[in-house]
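Please open the structure in your viewer and keep the sequence beside it, since this tour moves from one selection to the next and says what is there at each stop.

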Amino acid sequence: MTLIFPNRCRSYDETAMRIRFIGYDGTFQIPFSVKVRALLNVVPAMDAEEKCLAAFDAARFTILEAAQKAYIPGNKTFYVLTEADLRSTGR
């Protein structure tokens with residue numbers, strides 16, 4: 001059987017400074033990780049904007065849910081969501 005990666009999920013291991021992900025060989029799960037330092041050698045360093053955009057993309061559902069809760073028609077022309085707003089979504 002060939003090693004495949006059908007699941008796009010991955011996780012950041014801050015303690016070990018690695019990104020963990022899973023491959024599959026038939027029905028067998030094969031755990032992998034890649035060192036963050038190794039990624040920095042392959043991918044150009046991201047600036048703060050790229051990090052923020054990536055974080056937004058990752059939390060998009062929670063952010064949109066918080067925006068829906070905060071919105072009151074005709075109340076404001078601009079909303080600033082805080083950490084408390086994101087926590088209030090129950091996620």
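**The whole chain**

Begin with the whole chain in a cartoon view, where the secondary structure comes to 4 helices and 4 strands. Please keep in mind that this is a predicted model. If you follow the chain from the N terminus, the elements run β-β-β-β-α-α-α-α, so written in order along the sequence. Switch on the surface next: the accessible surface comes to about 7,900 Å², and 59% of it belongs to carbon and sulfur atoms. Of the 91 residues in the chain, 10% are buried. Among the contacts between residues at least 6 apart in sequence, 17% join residues at least 24 apart.

**The hairpin of β3 and β4**

Now select residues 18-25, which are strand β3, together with residues 28-35, which are strand β4; the two strands run antiparallel and are joined by 8 bridges. To look at one pairing, pick G23 in the sequence and then find its bridge partner in β4, which is I30. Between the two strands of this hairpin there are 2 residues, and in the turn you can select G26, which has a positive phi of about 65°.

**Two salt bridges**

Show side chains as sticks for the next stop, where the count comes to 2 salt bridges. Side chains of opposite charge can pair when their charged atoms come close. Select R20 and D13, whose side chains meet in a salt bridge with a distance of 2.5 Å from N to O. How exposed or buried are the two partners? R20 counts as partly exposed, because its relative accessibility is 37%, whereas D13 is buried, with a relative accessible area of 15%.

Then move to R87 and E83, whose side chains meet in a salt bridge at 3.3 Å, again given from N to O. Both of these residues lie in helix α4, residues 83-87, and they are 4 residues apart, which is about one turn of the helix. Both R87 and E83 are exposed.

**The two sides of α3**

For the last stop, select residues 60-70, which are helix α3, and colour its buried residues T62, I63 and A66. These three cover an arc of only 100° around the axis, and therefore they lie on the same side of α3. Now turn the helix to look at the face directed away from that buried side, where you will find the exposed residues F61 and Q68.

Key:
Residues numbered from 1 in each chain as written. Predicted model: local features only at pLDDT ≥ 70, side-chain atom pairs only at ≥ 80, totals over all residues. Heavy atoms only, no water. Buried < 20%, exposed > 50% of the residue type's maximum accessible area, 1.4 Å probe, protein only. Contact = heavy atoms within 4.5 Å. Areas by Shrake-Rupley, 256 points an atom, 1.4 Å probe, with all protein chains shown as cover. Arc of directions from axis to C-beta. Salt bridge = Lys/Arg side-chain N within 4 Å of Asp/Glu carboxyl O. Pairing = 2+ DSSP bridges.
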